Amino acid sequence: MEAAKTVDLQAIVRDSNVTEVLDQLDRELVGLAPVKRRIREIAAYLAVTRARKQLGLEATPPSLHMCFTGNPGTGKTTVALRMAEILHRLGYVRKGHVVSVTRDDLVGQYIGHTAPKTKEVLKKAMGGVLFIDEAYYLYRPENERDYGQESIEILLQIMENNRDDLVVILAGYKNRMDTFFSSNPGMSSRIAHHIDFPDYSQPELLSIAGKMVGAMNYRFDAEAETAMGDYIGRRLTQPNFANARSVRNALDRARLRQANRLFAGVGEGALNVTAEDLSTLSASDILASRVFDAPDSAEKT
């Protein structure tokens with residue numbers, strides 16, 4: 001009896017270095033266990049599909065278009081970048097780059113403007129991933145003269161006919177994306193993977209803040225870390241909080257305050273500062289935020 005033909009699945013995973021990307025995602029993003037699990041599942045599916053193809057079991061390329069839903073600052077763009085790497089390493093896209101756009105990059109303001117804009121973006125994205133943030137803005141039924149539907153129709157055609165060379169990821173708030181899909185069943189039918197990004201908890205956001213200051217070559221002193229935890233706890237209860245994005249903005253403002261604190265000591269004489277002085281954020285740099293003066297209102301600057 002002839003031995004059954006086999007393919008080394010372990011070799012596919014090893015040669016693609018896809019686990020390296022998954023490990024990098026684990027290091028980059030705090031929490032998000034459900035998201036990371038889904039990405040690993042998709043990577044496993046792609047590896048197995050590649051093995052099936054080598055054994056002649058796969059006739060058509062899988063549909064890989066995705067939808068990422070969640071609030072701002074929950075890591076959707078970062079995951080899109082890593083997803084593009086996974087797709088490239090496993091041979092599903094030629095380049096593995098990401099083209100990030102919004103409605104303004106796709107939809108024109110007058111007749112004959114939308115199609116060229118959309119097609120130019122698609123041309124740039126071919127061989128990689130097209131990431132459309134706040135994708136629900138493409139559809140504005142309340143405006144009869146809106147050209148978003150034209151862009152959607154072009155996208156639908158390319159998503160179907162070029163799915164072996166382009167992956168489209170739509171992103172936005174979950175409730176608005178649900179409304180968008182209910183109004184555009186053609187788009188909904190082309191999305192194979194829906195991934196919801198949960199908000200971060202207070203401890204997770206504090207851990208993110210620690211990673212961010214380290215990447216900036218700064219550090220919290222003991223009191224500053226406690227103050228940052230208090231800051232995050234207050235901001236979580238306020239409107240317009242954007243998870244990791246708001247934490248980054250808060251750290252940028254803290255760095256400005258730290259610089260002003262050091263600069264305030266500059267006079268006619270020499271002011272010698274150490275690397276530690278220049279790299280340490282103190283509690284006062286955090287507590288000067290307006291969040292502590294008016295806990296019921298969101299900080300705007």
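This report walks through a predicted model of a single chain, from its overall build down to a handful of residues.

## The chain as a whole

Let's start with the big picture. The chain has 14 helices and seven strands, and its C-alpha trace spans about 85 × 60 × 35 Å along the principal axes. Of the 301 residues, 45% are buried. Take the contacts with a separation of 6 or more: residues 24 or more positions apart account for 76% of them.

As for the outside, the accessible surface comes to about 15,900 Å², and carbon and sulfur atoms own 50% of that. The chain carries 38 positive and 39 negative charges, and the mean positions of the two sets are 4 Å apart.

## Helix α12 and what packs on it

Helix α12 covers residues 243-263. How does its length work out? With 21 residues at 1.5 Å a residue, the helix should span 30 Å, and the end C-alpha atoms sit 31 Å apart, so the two figures agree.

The buried residues of α12 are Asn243, Ala244, Ser246, Val247, Ala250, Leu251, Arg253, Ala254, Gln258 and Leu262. They pack against quite a list of elements: the helices α10 (202-215), α11 (222-235), α13 (275-279) and α14 (283-287), plus the strands β6 (219-220) and β7 (280-281).

Asparagine 243 deserves a second look. This residue lies in α12 and has a phi near 50°, a positive value in a residue other than glycine. Is asparagine 243 buried or exposed? Its relative accessible area is 2%, so it counts as buried.

## Aspartate 285, over in α14

α14 is one of the elements that the buried residues of α12 pack against, and aspartate 285 lies in that helix. With a relative accessibility of 1%, aspartate 285 is classed as buried, because the cut-off is under 20%.

Which side chain does aspartate 285 make a polar contact with? The partner is the side chain of arginine 261, at 2.8 Å. Setting aside neighbours within four places in sequence, aspartate 285 is in contact with Ala254, Arg257, Gln258, Arg261 and Thr280. Two of those names, Ala254 and Gln258, also turn up among the buried residues of α12.

## After α14: serine 289

Carry on along the chain and you reach serine 289, in the segment after α14. Serine 289 is buried, with a relative accessible area of 2%. A polar atom of its side chain lies 3.1 Å from the backbone nitrogen of valine 291.

## Glycine 214 in α10

α10 is another of the packing partners of α12, and glycine 214 is found in it. At 41% relative accessibility, glycine 214 counts as partly exposed. Serine 279 is 65 residues away from glycine 214 along the chain, yet their C-alpha atoms are separated by 9.6 Å.

## Helix α4 and the glycine after it

Now back toward the start of the chain. Helix α4 takes in residues 76-89. Its 14 residues should span 20 Å at 1.5 Å a residue, and the end C-alpha atoms are 20 Å apart, so expectation and model agree.

The buried residues of α4 are Lys76, Val79, Ala80, Arg82, Met83, Ala84, Glu85, Ile86 and Leu87. The list includes charged residue types: Lys76 and Arg82 count as positive, Glu85 as negative. Just after the helix, glycine 91 takes a positive phi of about 85°.

## Two loop residues

Proline 62 sits in the loop between α3 (33-54) and β1 (66-70). At 7% relative accessibility it counts as buried. Not counting residues up to four places away in sequence, proline 62 touches Tyr45, Thr49 and Tyr92. Where is valine 167 relative to proline 62? The two are 105 residues apart in sequence and 11 Å apart in space, C-alpha to C-alpha.

The other loop residue is asparagine 17, found between α1 (9-16) and α2 (18-28). Its phi is near 60°, again a positive value in a residue other than glycine. Asparagine 17 is partly exposed, with a relative accessible area of 37%, whereas asparagine 243, which has a positive phi too, is buried at 2%.

Conventions: Residues numbered from 1 in each chain as written. Predicted model: local features only at pLDDT ≥ 70, side-chain atom pairs only at ≥ 80, totals over all residues. Heavy atoms only, no water. Helix = DSSP H or I, 4+ residues; strand = E, 2+ residues; numbered from the N terminus. Expected span 1.5 Å × (residues − 1). Buried < 20%, exposed > 50% of the residue type's maximum accessible area, 1.4 Å probe, protein only. Contact = heavy atoms within 4.5 Å. Areas by Shrake-Rupley, 256 points an atom, 1.4 Å probe, with all protein chains shown as cover. Charge placed at Lys NZ, Arg CZ, Asp CG, Glu CD. Polar contact = N/O pair within 3.5 Å; in protein donor to acceptor, adjacent residues only side chain to side chain.
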